[in-house]
Amino acid sequence: MTASTSIAQPQRAVVLLSGGLDSATVLAMARARGFECYALSVHYGQRHGAELAAARQIASALGAREHRIMGVDLAGIGGSALTDPSMAIPESPTTGIPITYVPARNTLMLSLALGWAEVVGAADIFVGVNAVDYSGYPDCRPEFIAAFENLARLATKAGVEGTQFNIQAPLIDMSKADIIRAGTELGVDYSMTVSCYQAAPDGAACGKCDSCRLRAAGFAAAGTTDPTRYR
């Protein structure tokens, strides 16, 4: 087969997929942009595994080429209510960075995604961080994304050899309502997703934590029926 008759291969992307609303939307966006998606979920010692079960279902429904779950022991570090059962999940608004912040979580997750991207030949990494309707985590800001993109280009064999890694954060400036509208247009079934910080084993949400409040407000603002199953 000559070069002129060869079939162009789709660009590959690694997509961080938590199993929540935002990451499911990002996977749908990456697919809509024509990327062949390698979905990566991380078991970091979070208090429940319901979101990982949701991630498996979402990856299959949204046509990921491959889905992997990797492990990092952030529970061993501690310091977060999401990994330490002795710390209560706040059920009312707080000030400052909340105790649900997980130290270095997005840095480590993006590092795993970067390593896999090198292996599969992907120059694009998609992540569902948001700096509008969010909990104030420092690793969800545009400055962090720009800094990690620079690191990716400096700290990898592929980067040194000319790969221009792109850390794609398409939701970063969107409201939760706009995210929901965009995902709905792309066919995302949000009933599959789990956002709750203290979800039941079957994924049912508490309806009280910060993530549940942001999610519920997003559906209300979008004028869309909330498909979340609440306890």
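This report describes the overall build of a predicted protein model, then one helix pair and two residues.

**Overall build**

The secondary structure of the protein comprises seven helices and five strands, and these elements follow one another along the sequence in the pattern β-α-β-α-β-α-β-α-α-β-α-α. The radius of gyration is 18 Å, close to the 17 Å that the globule rule gives for 231 residues, so the protein is as compact as a globular protein of that length. Taken along the principal axes, the box filled by the C-alpha atoms is roughly 60 × 35 × 30 Å.

Of the 231 residues in the protein, 48% are buried. The accessible surface comes to about 10,600 Å², and carbon and sulfur atoms account for 53% of that surface. Among the contacts in the protein with a separation of 6 or more, 71% join residues that lie 24 or more positions apart.

**Helix 3 and helix 4**

Helix 3, which covers residues 105-120, packs with helix 4, residues 142-154, at an angle of about 35°, and the axes of the two helices are 11 Å apart. Their crossing is right-handed. On the side of helix 3 the contact is made by Asn106, Thr107, Leu110, Ser111 and Leu114, while helix 4 contributes Phe144, Phe148, Leu151 and Ala152. By class, the contact of helix 3 with helix 4 has six nonpolar residues and three polar ones, with no charged residues.

**Two residues in their settings**

Asparagine 106 lies in helix 3, and Asn106 is also one of the residues through which that helix contacts helix 4. Leaving aside residues up to four places away in sequence, asparagine 106 touches Val129, Asp139, Cys140 and Phe144; of these, Phe144 is named among the helix 4 residues of the helix contact. Asparagine 106 has a relative accessibility of 10%, which lies under the 20% cut-off, and therefore counts as buried.

Glutamate 185 is found in helix 6, which spans residues 176-185. With a relative accessibility of 72%, a value over the 50% cut-off, glutamate 185 counts as exposed. The separation between glutamate 185 and glycine 76 is 109 residues in sequence and 40 Å in space, taken from C-alpha to C-alpha.

The accessibility values of the two residues are set side by side below.

| Residue | Relative accessibility | Class |
|---|---|---|
| Asparagine 106 | 10% | buried |
| Glutamate 185 | 72% | exposed |

Note on methods: Residues numbered from 1 in each chain as written. Predicted model: local features only at pLDDT ≥ 70, side-chain atom pairs only at ≥ 80, totals over all residues. Heavy atoms only, no water. Axes fitted to C-alpha atoms, helices over the stretch in contact; angles between N-to-C directions. Left-handed = near helix turned anticlockwise from the far one by under 90°. Contact = heavy atoms within 4.5 Å. Nonpolar A, V, L, I, M, F, W, Y, C, P; charged D, E, K, R; others polar. Rg over C-alpha atoms; globule rule 2.2 N^0.38 Å. Buried < 20%, exposed > 50% of the residue type's maximum accessible area, 1.4 Å probe, protein only. Areas by Shrake-Rupley, 256 points an atom, 1.4 Å probe, with all protein chains shown as cover.
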